[in-house]
Amino acid sequence: MKVPSVKGFHDVLPGESGRWAGLESAARTVFTQYNFDEVRLPIVERAELFRRSVGETTDIVEKEMYAFDDRDGTPLTLRPEGTASVVRAYVEHAMHAAEPVAKLFYFGPMFRRERPQKGRLRQFSQIGAELIGRDDAAADAEVLLLLYDLLADFAVDGAEVLINSLGDRTCRPGYRDALVAWGRAHLSELCPDCHRRLEQNPLRLLDCKQPACGALRARVPPPRMLDHLCEPCRDHFARVQELLAARNLHPRLAPYMVRGLDYYCRTAFEVVAHGLGAQNALGGGGRYDGLVKHLGGPDIGGVGFALGVERLAIVLAANQAAAPSAPEFVIAPLGAAAEVAGTVLAHRLRRAGLRLEVEPGERSLKSQMRHAGKLGARYVIILGEHELASGRITVRDMAARQDLPHVAGRGGGAAELRAAIAAAALAPPAAGLERHA
Ligand code: HAM
C-alpha cells in the first residue's frame, strides 16, 4: 500500500535539489561578503515565542501554527518563521555581551498551515538574514543592498522591491487612530473580518483581500502611514532611500504595504515577482526595534529579511532549466575479476575527488556503454581482460566517440587520468587509440 506525502509538504527531487543547492551556495557567498555568519536553529520552539513576537492577532499565530503540547504539557510549535528564533538565540546566548552587533543568516524549513496553492506550501524553506544591534538607517540600507545583490546573483528577472515605513511607538498610535476613524466611517462596506481587524489590528485593514474591501480602498483611499510619520521616522526613511539612491537603487514606494507580522517598525519591504500569480511575494522583511527587548534582551534594534526558496525556484524554473546532474566518469568492468579492479579504482578516484559511477561487472560492454550514455557520463573507463592483463585502462570520450590514448595505469590516480585526458585533447586524432566497440 502506498503512503502518500502530507498535503502542503513537498519533496524536492534530484534536478530541482541542484537548483536549491545553487541558490544556497550563491547566497552563502554574498552573505560572507557582507560579513554575515550562519546560524542553525531548532525547528521546534515554544509557542509563546511567536505569540509574543509575530503577534497574537496575526493569521500566522491565530490559525496557521502547527502547535502541540509536549508530553510534559509545554506548548510547542513548528517554527512558522525565523526572525523570532534568531532573536531568541541572540538573547539566550547573550551575544550582545561581547559585541552588540550580530549579523546572522539561516537556511531552513518553516511551517504554516495555509491553504496550499502554487507557491504556497505548509512546509516551505527560507533564506534569511538578520542584522541585530543597530538602529541607524545605514543598517537598513546594507540589508537592502544585500537583498538586491542576492536577487542579481540568483539571476531573478523582473522582481521589484517595494518599500514603506510603518512608523514607531511615537507616531504609529496617531496613525492607528486615523485608520480606525476611516474604518468606522465605512463600517457598512467592510467585510466581517475587517470589523474584527478594526478593533484588534487595524493595520491589517490595508491588505484585506476581499473584493469589496479592495474596491472601498480604491474609491476612498485610507490614510497613509507616510503622512503621519514623526520627524525621526521621516528622517530615517529618507536616509535609507538616500543611501540606496547613491547606488542607483530606487525601491518603489508602497504606502499601503503592511507586513503579516506585528514586530515591524519603520522600514518595511517586500520583493514581488511579476508572473508568480497570487503568491507573488518572493521575500519580505523590515526593521524590528523593540523585539530584542520584548524577548528579554537589551533595548537595541534589528533589521532583516527572508526569501522563499520555493517561490524563487518557480521564478528561476520559468527561464532556466534545472541543471542536469551526471557523473563525469563511469567505470565499465567486464567480468568478476575486472569488477574487483573496478571497485579498487573507483574507490581511489572517488577519494581523489572525481564524481564517478561503477557498472555491475556481469553486464555486457554494450549494455554498460548504453547505460553510461543514459547517465550522461563524459568518460567511460573500460576494464576488460585486455586491460587487466596489460595493467592499462581504456578511457572512452563519450562526446568525441573515441578512446583516449592508453597512458594511465590501473594503479594511476586522478591526476594521471586527467593528464591522459588533457594529452588526448592535444594529441592528433587516432594516435595510440585502441577501439573497444
Ligand atoms: P514573511 O513575509 O512571512 O516574512 O515570509 C518571507 C517569505 O517566505 C515570503 O515572501 C515568501 O516568499 C515565503 N513564504 C511565506 N509563507 C510561505 C508559504 N506558505 N509557502 C511558500 N513560501 C512562503 C518572514 O517570515 C519574516 N521572518 C522575514 C524577516 C526576517 N523579517 C525580518 N527579518
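The exercises below, each with a worked solution, concern a predicted model of a protein chain.

**Exercise 1. Domains**

State into which domains the protein is divided, and how far apart their C-alpha centres lie.

*Solution.* Begin with the division itself: domain 1 is made of two segments, 16-171 and 229-317, while domain 2 covers 329-426. Then take the C-alpha centres of domain 1 and domain 2, which lie 49 Å apart.

**Exercise 2. The sheet of five strands**

Work out the strand order of the open sheet of five strands, identify its edge strands, and describe how strand 12 pairs with strand 14.

*Solution.* Step one is the order, which reads 13-12-14-15-16, with mixed pairing. Step two concerns the edges, where strand 13 (356-358) and strand 16 (402-403) each pair on one side only. Step three turns to strand 12 (residues 329-333) and strand 14 (residues 379-383), which pair in the parallel sense over five bridges; within this pairing, the bridge partner of Ile-331 is Ile-381 in strand 14. A last step adds the helix: helix 14 (residues 365-375) lies across strand 12, strand 13, strand 14 and strand 15 (394-397), and its direction makes an angle of about 170° with strand 12.

**Exercise 3. The sheet of three strands**

Explain why one side of strand 2 and one side of strand 3 are left without a neighbour in the open sheet of three strands.

*Solution.* First write down the order, 2-4-3, in which the pairing is antiparallel. Strand 2 (44-46) and strand 3 (67-69) therefore stand at the edges, and because each has a single partner strand, one side of each has no neighbour in the sheet. Neighbouring strands of this sheet are turned against each other by 35° on average, direction ignored. Next, follow one pairing in detail: strand 2 and strand 4 (residues 75-78) are joined in the antiparallel sense over three bridges, and Glu-45 stands opposite Thr-77 in strand 4.

**Exercise 4. The largest cavity**

Determine how many cavities of 30 Å³ or more the structure holds, and describe the lining of the largest cavity by element and by residue class.

*Solution.* The count comes first: there are two cavities of 30 Å³ or more, and about 100 Å³ of space lies in the largest cavity. Among the residues that line the largest cavity are Asp-59, Glu-62, Lys-63, Asp-193, Arg-196 and Arg-197. The elements giving two or more residues to this lining are helix 3 (59-64) and helix 8 (192-200), and helix 8 supplies the largest share, four residues. Sorting the lining by class then gives no nonpolar, three polar and seven charged residues.

Technical notes:
Residues numbered from 1 in each chain as written. Predicted model: local features only at pLDDT ≥ 70, side-chain atom pairs only at ≥ 80, totals over all residues. Heavy atoms only, no water. Domains from an automatic or database assignment. Pairing = 2+ DSSP bridges. Contact = heavy atoms within 4.5 Å. Axes fitted to C-alpha atoms, helices over the stretch in contact; angles between N-to-C directions. 1 Å grid on protein atoms, 1.4 Å probe; cavity = no way out; pocket = protein on both sides within 12 Å on 5 of 7 lines; lining within 4 Å. Points joined across faces, edges and corners; volume = space filled by probe spheres on them. Nonpolar A, V, L, I, M, F, W, Y, C, P; charged D, E, K, R; others polar.
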